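Grab a pencil and work through these short exercises with the model open beside you. Each task comes with a solution that goes step by step.

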Amino acid sequence: MKSKLLPKTLLWIRQKKIKSLWPFLIFVMMVLVYPSKGEAQSSSVIKGTVTDLATHKPIQGVSVLVKGTNRGVSTGSNGEFTIQANKGDALIASFISYENKEVTVGDQNTLNITLSERSSTLEEAVVVGYGTQKKATITGSVATISNKQLKHSPALNLSNALAGQLPGIITSNRSGEPGKDNSTILIRGRSTTGDNSPLVVVDGIQGVSGWERINPNDIESISVLKDASAAIYGAQAANGVILITTKRGSAGKPTISYTMNQGLSQPTRVPKVASSAVFGEFVNELLAKDLQPPRWTADELRKFADGSDPINYPSVNWYNEILKKNTFQSQHNLALRGGGENIKYSVSGSYSNQDGIFKKGSTNFKTYSLRSNIDAQVNKNIKVGFDVNAGIDNGNYPNSSTTNTFGRMLVVPWIPVYWPNGLPSAGIERGDNPAVMVTDATGNVNDMTQRFLLKGSFDINLPFINGLGIDGYFAYTNNTNFNKNFQKPWTVYDYNSVTKTYIPVGGGGILNPQLRESVDRGRSTLLNLRIKYEKRFNDHRLNTFIAAEQEEGMNNDFSAFRRNFLTAAVDQLFAGSLAGQEANGSASERGRKNVFGRVGYGFMEKYLVDFNFRYDGSSIFPQGKQYGFFPGVAVAWRISKEKLFEKIHFIDDLKLRASYGKIGNDRVAPFQYLQAYTLGNQGFNFGSSPTQSLGLIAGVSPNPNITWEVLKTTNLGIDGLLLNGLLGFTVDVFKQERSNILATRDLAVPSYTGLNLPNENIGVVQNKGIEIEISHKKSFNKFSYRIAGNAAFVKSKIIYISEASNVPAWQKAEGHSIGAQNYLKAIGIFRTKEDLQASPKVLGTKVGDLKYEDVNGDGLITFLDNVRLDRTNTPEITFGLNLSMDYNNFSLFANFAGQSNAWQYFHENARLAVNTREELLLNRYTPGSMDSKYPILPLLDTRTDVSGLSSTFWLRDASFVRLKTLELSYSIPQSLLSKIKVSGLRFYLNGNNLITIDKLKIYDPEASNERGNFYPQSKIYNLGLNLTF
Amino acid sequence: MHYKNNLLNKTFSYLLIGIIIAFIGLISSCKKNILEKLPLNSYSEDLVWQDGNLIETFVNNTYRLVPHGFNYSMTNSLSTLTDENNGRANSSANIINAGNITPDALAALDYWNDPQRGFYKVITKANLFLSKIDNSPIDSALKKRMIGEMTFLRAYSYFRLISFYGGVPLITKPFGLTDDFSVPRNSYKECLDFVLQQLDKAAPLLPLKHTSVNMGRITKGAVLAIKSRALLYAASPLNNPTNDISKWQLAADAAKAVIDLNQYALYPDYKSLFLASTIYNSEIIWTRPFNRQLDIENAYVELSQYPNGYGGFAQVHPLQNIVDDYETLNGKLPKNDPSYDPQNPYVNRDPRFYASILYDGAPFKGREVETFLPKGQDSNEGSSQPWNATQTGYYQRKFLDETITNPGGTNIGSTPWTFIRYAEILLNYAEAKFNLGDEATCRDYLNKIRSRPSVNMPAVTESGAALLARLQNERRIELAFEDHRWFDVRRWKIAPIVLNVPGKRMAITKNPATGKKTYTVVEFQPRAFFDKNYLVPIPQYEIAKNPKLTQNPGY
């Protein structure tokens, strides 16, 4: 019916373009180009195309205006326009989110115009909680990143692509293991002693797991709510909210876009372990200390050093033998998007494949995902949407954990990985040769997660009251994790040099294969309904809604186990022995129910106020404590809109913001108000033939008063845009006070009480900080660039926490950062007997041990001399610098990210069987040394040796600056592409973690494993292409 | 068009009304409040204390929590903290053996709250159980038995605690979250009196023997046996400085009470007495069974004792100090026996030496143990994991299930931990009788131990101080590595002598040409004992929480 209203031509276009767009496009081009010759003289018809400077794609809907007149047209679907203008007239091309461009009409009748995108335009829509706001009128502190910026990074894990891009967001990548390489993300630092992870919302679904695996090509934008604007998410939002919006179809021709990435990854840094000569000498020294005979003679040590007998006296670097130089990874994304007036669609499929860094290793991680959505305009007032998303993460790993494997790589260097006859050596002990441990000889752990989401949504404008509408959605998610752990014994060999025989050694700790399979299934439903009212009258703008939401979740899991498989040939449960088989299972439920809303009011886009609230209820807490009210208010004053500023031309926009809100955090184990008893395999082997039995264990002592943590957050901000958009800045200062922090009183309650302590609302923490973002950009004819820098400082301070009453003031946690630990202050190394005798010391201190400060002055070094220090591995300062440059068809992007005021403790040690870094051994204390860098090396994992006590000596500065992302790309010119019916083709070369400048040097500065036994972070080199047609 | 628009508007209105109703319904929904959830993975408190089966699983878990001698992260730690064993590269053992233990690093001696060693965990469970059980409507026979078991386990835990720390806070009721937690220490006597009173309460509630499925539970005999040990410790010089003879009488009576039960007898074979294959044999009074193939409990006996050449980690190695205290077949200590040849030290020794210790040349699993240099397979020049070799020249054999090859993971034996066995009762009785002046009975009971068929050592004939020395050495040898030495050297107050001497090892060099071995005893490990070390310090983390807790003197 409606189509009658459209001109026939348009109808024709609409029908045709679906079938075959290209002939039509070419036809239009011909029409546009050819007749332009020989047209009128004085007031000529100017024809042209408007394209994007960077992508060279035509832009539809650009307004082209003859300056000083009302004469204007807007560009068609190919970016073409036709306008009457005289020579010397200026044409102004303007389009939302692009820089205005002025071009003077010359002699020619064709005038092609390129526009460069504005990256911080005021008109840009920013996704906020349950809605979008114009950047110009936003009142809260919201950091955003667009699809464009995200795509520069070759990291296959979305959480690793965020570093340095969003001010106030701290990302720390602790491991590079495929599938387990999520960065931990903190928004404005740590402000609770409990769970600090932000709430992640993907397309309106809260608490989405696996968001790190969304393909960047499918993401429209990411917004981070840092202040009271998060109050709309109520009891879950105190750690900040990350809003991910994925792409949907838009009206226009169907676009098929294919992106391919092929990358090579390398470990960023692995420790340089000691050679046989160095470690052999150290072993002799250790043995001598215990009055044991030496392991190696001087002659043997010399053979190690000079390599004259590599068969009998080898020096093996196990890291080099086990880790590959290069590891492949790849990623593909194919998307079809488009739509007409009434139906818009988006279908996208992604695949990624990541291998492990081990030679012959079985580590591999693959993801598959499908995201599809349809939006239909049923009639003028009704819109419905339907989303189906599915994803599979499929990881395969060897049976030994990576921590264990990396620990075992510190095997003594004089043992070869393989004996000359090719048999694997026995490694450290128990057959733990890491070269075998990384392969499928150990069995296999298959960890597969399937994610499924169905979402239906509607949006209705109520015709009788203008501006009134109802919308809502229903979502069903079903996530299932399958874990299949097949363990196999393996055989490695020792070589008896006396009898010249190989002695088989069993590995894996079992005699026969065994299998454990488990399934964990989580389902949830989310129902959201909203009544909204949006109205402009004169200078007033009202934007308000009230909504209700209900979420229900259910989890159940079960597992089965059989041992003593007759053969490893079939890795299925049936093949295991019936004796000793096990089965287990459990379930849990949760519910959440809330009402929330917003009142947004703006006057002349000058005075702005937003009030958000949520009345949130959660099944985690007891009745009477289930509901809480979380309000947030934000105001902004666009001071540049005041009369005063009309004459200050260099200021385009200046906005002052302030917000205050109360938000909750309910990340805590449920049902802590009940006395529950759990039954498990914790009984006792009674009976004449002992076997397993059940045991009952009392859960936490009930806390009937448990409720959420409360965050009171205050934010003051200023946004400015100067010099015609050349310079933009944002500064935010904030103060957050988290109270009712859910913590246990285990530092204060004596353990003889035997209490299994519940979480109680006891802590108070204050966070203060500042975030600055400055951007500058400029475009010339063919060249444009943008520089954006951001920096944030945040420091937490514990105002109150339950702690031991009877400790010295300098050990109290109060007044310190969250996570601040007690350390002895190392003030040197004892070099002489005289010094040792004259100084306060730990019992058992020898010359060569660390010398500590006697803080309490009692002449002894004891636990009383520990001092609480604000040195944690959560950085206080984070910063990022983004550079982008476009020249013709080339563009360059670089992102530096860094941190400062961060420390990591490394408990470095070595012992008879465990090698360590060569630098540590070479610089260890040896008797008589007056200037060794290190003291007598601690022996064990536990911090018990005099020099291995927790002290500032082993606390390392983890500051760094690293080139997180670098990308160089080239777009094939449109003129070439049109001949092959391709609308866009871009090649790029990019990389991740390419350069690191840091003080740590020995491990990756983002490491958190204090023994250095972790899967190293990756450096990635990637080649990609993006093809659109 | 008009018609259609009307229809549309009508549909629309209905839709709208529907949505609004749904909306209101959602907000105020009362049908089934989705916030009313309950845990699906646990039982509520009311349910538990009404159900005999569930209560029994609660009791069973309490048994599991009782600290035993194998549960030491693979190092049999009490033996490494005395003159029995050396723990290789065991920093915390070295600190303790040097007399340098501090309240903030109890390490292997944290019997207070350590996850595997803490006795207060047992006490807490017993307190909770005993506060609930009286009102529980369960079968009375089961109730009676369980009260007996839990009463005993709590009493045993307190006895153990006071043997390490002296008096401790005597907690007998469960704490609530809002209670005042600062409790002072009770005296050693108050605690001991409580232990004895509770043992007396438990004994009549428990049977002399359990049915086959309940083997392993506390019996009346176990209660009386622990009472015997508690009274012996209480009568000993450390706790009885005035040598109050009546205390020795109580100790003698308590030991005799166990003997008079006529339930127990020495098991003929000293070596297999400890193994899973002979669990619940005639000598065992209370033992801790394991099934480590099915239920791993961090107690890897073979892994922590096998020589490196047999795939073991060998974290504990007997010291030359204890080897020197195994008599020769002549019933004399080697140093007193002229027939002893220091260059052929392992012949003609007490059979318990061969059962308890692996030495160079000991036949073991198809070959001889080689701790000699150079290139002995079980020395630090062996082919297999030489860094795990012994530092003393010996390996501990007691408790090993020698059928295990290549130990690790679940490939380990299930040797039970024997808390108390009949031989100790005989030794307790002998010691009490000696102190009561009845030397004949003392010798008689010592000789019962020595005449076990597999031991058959010459009878003891000494008297006076010499008899006391024989008595003490007999206990050292018979109960070696069984967590007795720590307490015995303290209560006898001989720790300043025996724990103040260096750890010794045996260096053996073999002439590759002639095959002749040379034996040299080497002092290799400085050790020290100070008066403060009679007691373990109260953990600093606990004192930090409670100013009323006083520290033991000297720490």
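Buried means under 20% relative accessible area, exposed means over 50%, and partly exposed covers what is in between. Keep in mind that this is a predicted model.

**Exercise 1.** Is Asp571(A) buried, exposed or partly exposed? Then do the same for Lys484(A).

*Solution.* Start with the pair itself: Asp571(A) and Lys484(A) form a salt bridge, with their closest N and O atoms 3.6 Å apart. Next, place them: Asp571(A) sits in the loop between β27 and β28 of chain A, and Lys484(A) in strand β23 of chain A, so the pair ties together parts 87 residues apart in sequence. Now apply the cut-offs. Asp571(A) has a relative accessible area of 30%, so call it partly exposed. Lys484(A) comes to 18%, so it counts as buried.

**Exercise 2.** Which strands stand at the edges of the open sheet of three strands, and why is one side of each left without a neighbour?

*Solution.* Write down the order: β33(A)-β32(A)-β1(B), with antiparallel pairing. Then look for strands with a single partner: these are β33 of chain A and β1 of chain B, so one side of each has no neighbour in the sheet. Finally, see what packs on the sheet: helix α3 of chain B touches β32 and β33 of chain A together with β1 of chain B.

**Exercise 3.** Which residue forms a salt bridge with Glu56(B)?

*Solution.* Find Glu56(B) in helix α3 of chain B. Its partner is Arg217(B), with the closest N and O atoms 3.1 Å apart. Last step: both Glu56(B) and Arg217(B) are buried.

Conventions
Residues are numbered from 1 along each chain as its sequence is written. Chains are lettered from A and ligands numbered from 1 in the order in which they are written. This is a predicted model: local features need pLDDT of at least 70, side-chain atom pairs count only at pLDDT 80 or more; totals for chains, interfaces and linings use all residues. Side-chain values use heavy atoms; hydrogens and water are left out. Two strands pair if DSSP finds at least two bridges between them. Helices (H or I, at least four residues) and strands (E, at least two) are DSSP runs, numbered from the N terminus. Contact means heavy atoms within 4.5 Å. Axes are lines fitted to C-alpha atoms, for helices over the stretch in contact, and angles run from 0 to 180 degrees between N-to-C directions. A salt bridge is a side-chain nitrogen of Lys or Arg within 4 Å of a carboxyl oxygen of Asp or Glu. Buried means under 20% relative accessible area, exposed over 50%, partly exposed in between (1.4 Å probe, protein chains only).
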